[in-house]
Amino acid sequence: MSNTDEVIRAAPVIAAARIVGIRLVEMQAVTRIRTPKEVPEGAAFDIMQDAKVGQGVSADGLFGILATIGVRLQPSDAPPGSPLVDIRGTFELRYRIPEGLQVSDEDLGAFGRVNAVFNAWPYFREFVDATMTRMHLPALTLPLYRMPKIAPDGTPQEAPSPRVKSPRARQHH
C-alpha cells in the first residue's frame with residue numbers, strides 16, 4: 001500500500017477524529033557516551049516508529065493508539081546495533097470520533113500509521129531534547145515529521161537518517 005493509499009484509507013478518520021488526550025506511557029534512554037567530547041562529528045541518527053490501535057472504537061466513539069518512536073545515534077564507522085545513544089518513547093493517544101461514524105479496523109490502522117505518530121511527534125521531540133540535556137549530551141534537534149514510506153504489508157519503513165552536522169555542547173550550570 002502506498003502512502004497515498006494509506007492517507008485515502010485514513011481520510012474519514014482524519015476528518016472526524018479529535019484528540020482527547022496524549023500521555024507518555026513507556027520510555028527508555030541509554031547512552032554509552034561519558035562526555036560531550038565523545039560525540040563524533042557527523043554521526044547519523046536513525047528514527048524508528050510504529051503505531052498500534054487498541055481495542056477499536058468504543059460505543060461512545062473513543063479509541064486509542066500506542067505510538068512508539070525512537071532515535072538512535074550511530075557513528076558511521078560503528079557496527080550496526082551498537083548505538084551511542086538510544087532513546088524511545090511510547091505515547092498513548094486517545095481520540096474520539098462522532099457516534100455513528102462507521103470505520104473499520106483497517107481504517108483505524110491506517111489512521112494510526114499516518115496521523116497518530118504525527119500527533120505524537122512534537123511530544124517526542126521535546127522528550128528527546130530534555131533527555132539529551134539530562135544525559136549532559138549535545139543538543140539533538142530532530143527534524144520536522146516526515147511520513148515514512150509504507151511497505152506493501154502496511155508497515156512503515158524507516159525514515160531516511162539525517163546527519164547531526166555539528167553537535168553543540170550545552171552549558172550545564
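This tour visits salt bridges in a predicted model, with residues to select at each stop. A search of the whole structure finds five such contacts, and three of them are described here, beginning with Arg-113 and Glu-6.

**First stop: helices α1 and α2**

Select Arg-113 and Glu-6, and display their side chains. The two meet in a salt bridge, with a distance of 2.6 Å from N to O. Colouring helix α2 (residues 105-134) and helix α1 (residues 3-16) shows the context: Arg-113 belongs to the former and Glu-6 to the latter, so the pair ties together parts that are 107 residues apart in sequence. Keep Glu-6 selected and add a surface. Glu-6 has 0% relative accessibility and therefore counts as buried, since the cut-off for buried is under 20% relative accessible area.

**Second stop: strands β1 and β4**

Move next to Glu-92 and Arg-23. Their closest N and O atoms are 2.7 Å apart, and the two residues form a salt bridge. Glu-92 is in strand β4 (residues 85-96), while Arg-23 is in strand β1 (residues 18-31); this pair links distant parts of the chain, 69 residues apart. With the surface still shown, inspect Glu-92, which is partly exposed at a relative accessible area of 22%.

**Third stop: Lys-52 and Asp-50**

Finally, select Lys-52 together with Asp-50. A salt bridge joins them, the closest N and O atoms lying 2.7 Å apart. On the surface, Lys-52 is partly exposed, with a relative accessible area of 49%. Asp-50 is also partly exposed, and its relative accessible area is 26%.

Terms used:
Residues numbered from 1 in each chain as written. Predicted model: local features only at pLDDT ≥ 70, side-chain atom pairs only at ≥ 80, totals over all residues. Heavy atoms only, no water. Salt bridge = Lys/Arg side-chain N within 4 Å of Asp/Glu carboxyl O. Helix = DSSP H or I, 4+ residues; strand = E, 2+ residues; numbered from the N terminus. Buried < 20%, exposed > 50% of the residue type's maximum accessible area, 1.4 Å probe, protein only.
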